[in-house]
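Visitor: Could you take me through this structure slowly, and tell me on what grounds each term is used?

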Amino acid sequence: MAPDGGVCKQVVESHPKHVKYDAGMGKMEKNSTLTKSAIGLGEKHRIPSTNGVHELLECPVCASLMYPPIYQCPNGHTLCSDCKSRVHNCCPTCRLELGNIRCLALEKVAESLELPCRYQSLGCHDIFLYYSKLKHEQHCRFRPYNCPYAGSECSITGDIPTLVAHLKDDHNVDMHDGCTFNHRYVKANPHEVENATWMLTVFNCYGRQFCLHFEAFQLGSAPVYTSFLRFMGEDSEEKKFSYSLEVGGYGRKLTWQGVPRSIRDSHRKVRDSLDGLIIPRNLALFFSGGNREELKLRVTGRIWKEQ
Ligand SMILES: [Zn+2]
Ligand SMILES: [Zn+2]
Ligand SMILES: [Zn+2]
Ligand SMILES: [Zn+2]
């Protein structure tokens, strides 16, 4: 990865004369972006994103971008602080003892660097100063969403259309068009509450998608069922919608009205905040009728747009 001694020398010597330097470029090939950016540095204080300086900031060990403190070995090989703590004080490039040498020059260069958001290919066209880029990316509205399916560790991420297709194809989730619903949940052995039933239905309404969850869980020591809606979109948009849920039987009824939480919040976070319809098991069994050995709940609901 690192240029050998000969190549480095050539760059330094040719630096003051641009013409000579350009003539030498052909030989260098892989290192060309690196040397081009060294010239750009002198000419401009702010370095535009088209420049290849950011490649210098890629840790040669883990390939992620380096943030201060950036370290280097006595020969000048750089590495990130995460990698430094993993390599037992030995430079991974030249095997020399590392010590604690900071690469202040590179840290300084990074300060003046402007880079596009890493989600540029997903639609974000903003440009950021190097050190504010990370912060933006944690909240960038173009960052991929996690799979909203609950009850399994699913590592799939993507935009909403990708996730809708994934839920349908890989999790066999039911898809419904429309803003009202009427669902029956039936379970043969409702006393095994820890054997939770994870159910998910996706609703397509107002051109947006919503996930309706229904499941059993232990609230403290009390077994309960819960149902709530999540919005497949940004949390800044969730307040545009409201929903209601209703469950009942034999003259009694429980209702819930709420705001569908964005899938930016994890399923577990929404469930544990009890932001949905909570049905104590006793009541659920009462609504189910019969001999209390079977859960038969009818949940009706509606999604509407707030003006
Ligand atoms: Zn690293
Ligand atoms: Zn080294
Ligand atoms: Zn962004
Ligand atoms: Zn998934």
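**Strands, sheet and core**

Guide: Strands β12 and β13 (residues 252-258) pair with each other in the antiparallel sense, over seven bridges. This is a predicted model, in which local features need pLDDT of at least 70 and side-chain atom pairs count only at pLDDT 80 or more, while totals for chains, interfaces and linings use all residues. Residues are numbered from 1 along each chain as its sequence is written, and chains are lettered from A and ligands numbered from 1 in the order in which they are written.

Visitor: Why are β12 and β13 called paired strands?

Guide: A strand is a DSSP run of E with at least two residues, a helix a run of H or I with at least four, and both are numbered from the N terminus. Two strands pair if DSSP finds at least two bridges between them; β12 and β13 have seven, and therefore they count as paired. Within this pairing V247 stands opposite L254 of β13, and in the hairpin, which has two residues between the strands, Y250 takes a positive phi near 55 degrees.

Visitor: Which strands form the open sheet, and in what order?

Guide: Four strands form it, in the order β8-β16-β12-β13, with antiparallel pairing. The edge strands are β8 (180-187) and β13, because each pairs on one side only. β8 and β16 are joined over eight bridges, and H183 has V299 in β16 as its bridge partner.

Visitor: What makes L277 and I279 buried?

Guide: A residue is buried if 20 or more other C-beta atoms, placed from the backbone, lie within 10 Å of its own, exposed if 12 or fewer do, and partly exposed in between. Along β15 (residues 277-280), L277 and I279 point to one face and are buried, so they meet that cut-off, whereas I278 and P280 point to the other face and do not. β15 also runs antiparallel to β11 (residues 222-231), to which four bridges join it, with S227 and L277 as bridge partners.

Visitor: Why is V247 said to belong to a nonpolar core?

Guide: Such a core is a set of buried Ala, Val, Leu, Ile, Met, Phe, Trp, Tyr and Cys residues joined through C-beta atoms within 7 Å. V247 is among the residues with the most contacts inside the largest core, which has 35 residues, so V247 must be buried and joined in this way. β12, β15 and β16 are among the elements that give two or more residues to this core. A second, separate core of 17 residues includes V53 and L113.
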